[in-house]
Amino acid sequence: MESDPPYSPPVSLELENLKAIKVLGEGAMGTVFLVYDTATDPTGRSPFALKVVQRSKHDADRRARLEIAVLEKLSPANPEFQHPFLPRLLGHLHTAEFLAWAVPYCPGSDLHVLRYHQIDRVFSPVVIRFYVAEVLCALEHLHSLGIVYRDLKPENILIQQSGHAMLTDFDLSRNLKKKNSSESSTDEKKDRYWLFRNTFIRCIPAVPDCRIERTFVKSKSARVSPVNRRKLSFSNEERSNSFVGTEEYVSPEVLRGHGHEFAVDWWSLGILCYEMLYGTTPFKAENRKETFRKILTKEPDFMGERNTLTDFIGRLLKKDPKKRLGYHGGASEIKEHPFFEGVNWELLTEVNRPPFIPPRDEDDLTEKATAEELDIKEYFARLKATTSLPPPSPQFRGNVSFTEF
Ligand SMILES: Nc1ncnc2c1ncn2[C@@H]1O[C@H](COP(=O)(O)OP(=O)(O)OP(=O)(O)O)[C@@H](O)[C@H]1O
């Protein structure tokens, strides 16, 4: 059996010691690099992902601090409590110009890229069940900590070296008060299970590049204004009234500005399943205004035969959050849906064989580490000097100012 890697608490990183091998992705807030620390790993055999945020960028400093705070919460002192589908904070650094933090590298790209490499750009129901079950467990854990995720989309579901999923990007997450005790009793059971199990999927630091090309532009998450924001007061952070998310994934209650809670994540889980099944989101329209209108008024279309998966999606895409699957019973209610029949929740990481396992090619990565190093400071300086940006790819799901609302 593989032995556990030694646990190390988040460390303070020095920008000067970090060498970037390549850019892994760009989001609305930051740039994610594959880096290694020349002080502790001179040959670059154990690279990790470093998200770097320029503090001068609008709202970036605050969002970065929020994300670091969430990652700290997700990185328990006892490694046996580390959730297998959520990242661990490896280290961070603060300079006058940048905030940056390190998490394990996921070499299998993300579900958005992976879908584009499928025939017809859709996943089979078996594959959907695999990934959605893991995402559901990750959301369940976040909710148990009082964290509502608010940014579920394929681009934020990364594939670990093991082939298992990992949720990323927590800058839109918020702390809410836990709704009821039934969720926490499930969580206690779950924690006991994680502790007992003792064999977790870990992000293996020394991992190769994935052969799937990253030619996609990530749909940017945005803070936007509600269609109709009403002044509502909720005490104890029971509901959040801020309006966030990626336009095709935004829930009706967020659009209405009615305040929202954990059920927004169940709505976006429905959109995610739909997109994995049909290759498009259910309310996508010519423009943002029309997309929002459809989210508020239109029922999703289900092509072909109805089955347990379409039933599952339909129950998650209830416009009224109180009627939505998971509203009352949380993740445990969702797990009981017939779509998950036969899933062994306690042994997800061991029993199910991942549909896609990224190839290992450590030598290739080491070669890259010596041949193509980037200096992070220089990278941003060059970026600043470049006035014209390349046009977005056809997959771009626009970064939005939502000024029309
Ligand atoms: N740990 C990782 N391993 C590999 N690639 C990663 C990792 N973390 C992030 N990436 C890549 O970088 C991209 C951007 O990361 P992230 O979502 O954290 O940025 P962001 O600026 O917060 O994005 P958003 O626009 O959603 O706010 C991801 O879609 C993914 O492709």
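Student: How far apart are the end C-alpha atoms of helix 1 (residues 60–73), and what span should its 14 residues have?

Tutor: This is a predicted model, where local features need pLDDT of at least 70, side-chain atom pairs count only at pLDDT 80 or more, and totals for chains, interfaces and linings use all residues. Residues are numbered from 1 along each chain as its sequence is written, and side-chain values use heavy atoms, without hydrogens and water. Helices (H or I, at least four residues) and strands (E, at least two) are DSSP runs numbered from the N terminus. The expected span is 1.5 Å times one less than the number of residues, so helix 1 should span 20 Å, and its end C-alpha atoms agree at 20 Å.

Student: Which residues of helix 1 are buried?

Tutor: Buried means under 20% relative accessible area, with exposed over 50% and partly exposed in between (1.4 Å probe, protein chains only). The buried residues cover an arc of only 160° around the axis, which puts them on the same side of helix 1; the arc is that of the directions from the helix axis to the C-beta atoms. They are Ala60, Arg63, Ala64, Glu67, Ile68, Val70 and Leu71.

Student: Against which strands do the buried residues of helix 1 pack?

Tutor: Contact means heavy atoms within 4.5 Å. The partners are strand 4 (48–54), strand 5 (91–94), strand 6 (98–103) and strand 7 (147–148).

Student: Over the face of which residue does arginine 129 lie?

Tutor: A charge sits over a ring if NZ of Lys or CZ of Arg is within 6 Å of the ring centre and within 35 degrees of the ring normal. Arginine 129 is at 5.6 Å from the ring centre of phenylalanine 339.
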